[in-house]
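Thank you all for coming; I would like to walk through one model this morning, going from a single pair of residues out to the whole chain and then back to a few local details. Please have the sequence and the structure open in front of you while I talk.

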Amino acid sequence: MTEQSTDLRETVRQRYAAAAVQVAEGGTACCGPAAIEIDGNFGSGLYTGSERDELPAEAVAASLGCGNPTAVADLHEGERVLDLGSGGGIDVLLSARRVGPTGKAYGLDMTEEMLALALANQKKARAANVEFLKGTIEAIPLPAATIDVVISNCVINLSTDKQAVFAEMHRVLVPGGRIGVSDVVADDTLTPAQRAERGDYVGCIAGALSFTEYRAGLEAAGFTGVEVTPTHAVADRMHSAIVRAVKPQDTAVIAADDATASAECCGVTACCTPAEQSTDSTATPAEVKSAAGCGCGSRPGPAGVLIT
């Protein structure tokens, strides 16, 4: 990492540490902690009233994002979700409710103060299916292929190595896994210098990629089905956007799984090949397959349903 990148990361860390301290020191007055002062295009106002009411006031007050990724990630019961740059935990706690007790929501943040605030909010929310991790989004401290959905709320644009972030998202996702991200994106007509004129790096503007750069970066990391859809303007020719993409199924793994299933299908070894043999010496391979109700190009699925 270059000295400039290190300095920018430290600037980001200090800003978010200060935000966490501000919320934590807000006390427990009747009106709860005051929300971080921020432009109306960012923050807790982008969540519905019912969503805000579900969570501890401190989690809502610490919201600094530019969207609501849990509203677009299409989360399901039992899924494992990772929030990059989880801050005070608002998106992690909302995700935990959506995936239910059989699922799990992870939050990753590099700021000690934000992690402390998030852990306090987790305790208040009594969220058992939540885990907060310390680390950077360029080096996610989770094994490969362990996450079903990656979300993030106006954090990726703060990274000085976005391609590393895209590569890490791809690494931790299972084949077929997906991302549902809110981020700031620039019109293709704006140069990096022009983006910088519209806001400082920590203010989520100067570090933004263009629409074309975002799509190209995700595709270079191996994602398919990339969509970058603007939702509202945050500055002149700068937008909050919903970003969706999918990690394709691993065709090599699928082929191996199919070969294994084929080799063992319906009591026949080397099924549907010239070398196929019945495991029952009293019946031919064709008789065994017919009795089991399967044939070449298919194998038994759940409850005997054939999968072709």
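Let me begin with a question: which residue in E8 does Val 228 stand opposite? It is Val 243, and before I say anything further about that pair I should stress that we are looking at a predicted model. The strands concerned are E7, residues 224-235, and E8, residues 238-246, which pair in the antiparallel sense over eight bridges. The hairpin they form has two residues between the strands, and Arg 237 takes a positive phi there, near 60 degrees.

Now to the chain as a whole. It has 308 residues, of which 48% count as buried, and it contains 10 helices and 12 strands. The accessible surface comes to about 14,100 Å², with 54% of that belonging to carbon and sulfur atoms. If we take the contacts between residues at least 6 apart in sequence, 67% of them join residues at least 24 apart.

Confidence deserves some care here. The chain averages a pLDDT of 74, and 61% of the residues score at least 70. Among the elements, helix H8, residues 211-220, has the highest mean pLDDT, at 97, while strand E12, residues 306-307, has the lowest, at 30. There are stretches where pLDDT stays under 50, including residues 27-48, for which the model has 54 contacts beyond four places in sequence, and residues 296-308, for which it has 22 such contacts. Where pLDDT is low, the predicted coordinates should not be read in detail, and I will leave those stretches aside.

Let me turn to two helices, starting with H6, residues 162-172. Eight of its 11 residues are buried, so H6 is largely enclosed by the rest of the structure. The buried residues are Lys 162, Ala 164, Val 165, Phe 166, Glu 168, Met 169, His 170 and Val 172, a list in which you will notice lysine, glutamate and histidine alongside valine and phenylalanine. What covers them includes strand E1, E4, strand E5, strand E6 and H8.

The other helix is H5, residues 112-125, and here a simple check of geometry is possible: at 1.5 Å a residue, its 14 residues should span 20 Å, and the end C-alpha atoms are 20 Å apart, which agrees. In H5, the buried residues are Met 114, Leu 115, Leu 117, Ala 118, Asn 121 and Gln 122. Seen down the axis of H5, these buried residues fall within an arc of 160 degrees, so they line one face of the helix. As background to that pattern, an α-helix has 3.6 residues a turn, so residues three or four places apart point the same way.

What follows H5? The next residue is Arg 126, whose phi is positive, near 55 degrees, although Arg 126 is not a glycine. Arg 126 is found in the loop between H5 and strand E3, and because its relative accessibility is 77%, above the 50% cut-off, it counts as exposed.

A further case is Ala 145, in the loop between E3 and strand E4, where phi is again positive, near 55 degrees, in a residue other than glycine. Ala 145 has 37% relative accessibility and therefore counts as partly exposed.

Note on methods: Residues numbered from 1 in each chain as written. Predicted model: local features only at pLDDT ≥ 70, side-chain atom pairs only at ≥ 80, totals over all residues. Heavy atoms only, no water. Helix = DSSP H or I, 4+ residues; strand = E, 2+ residues; numbered from the N terminus. Expected span 1.5 Å × (residues − 1). Buried < 20%, exposed > 50% of the residue type's maximum accessible area, 1.4 Å probe, protein only. Arc of directions from axis to C-beta. pLDDT = per-residue confidence, 0-100. Contact = heavy atoms within 4.5 Å. Pairing = 2+ DSSP bridges. Areas by Shrake-Rupley, 256 points an atom, 1.4 Å probe, with all protein chains shown as cover.
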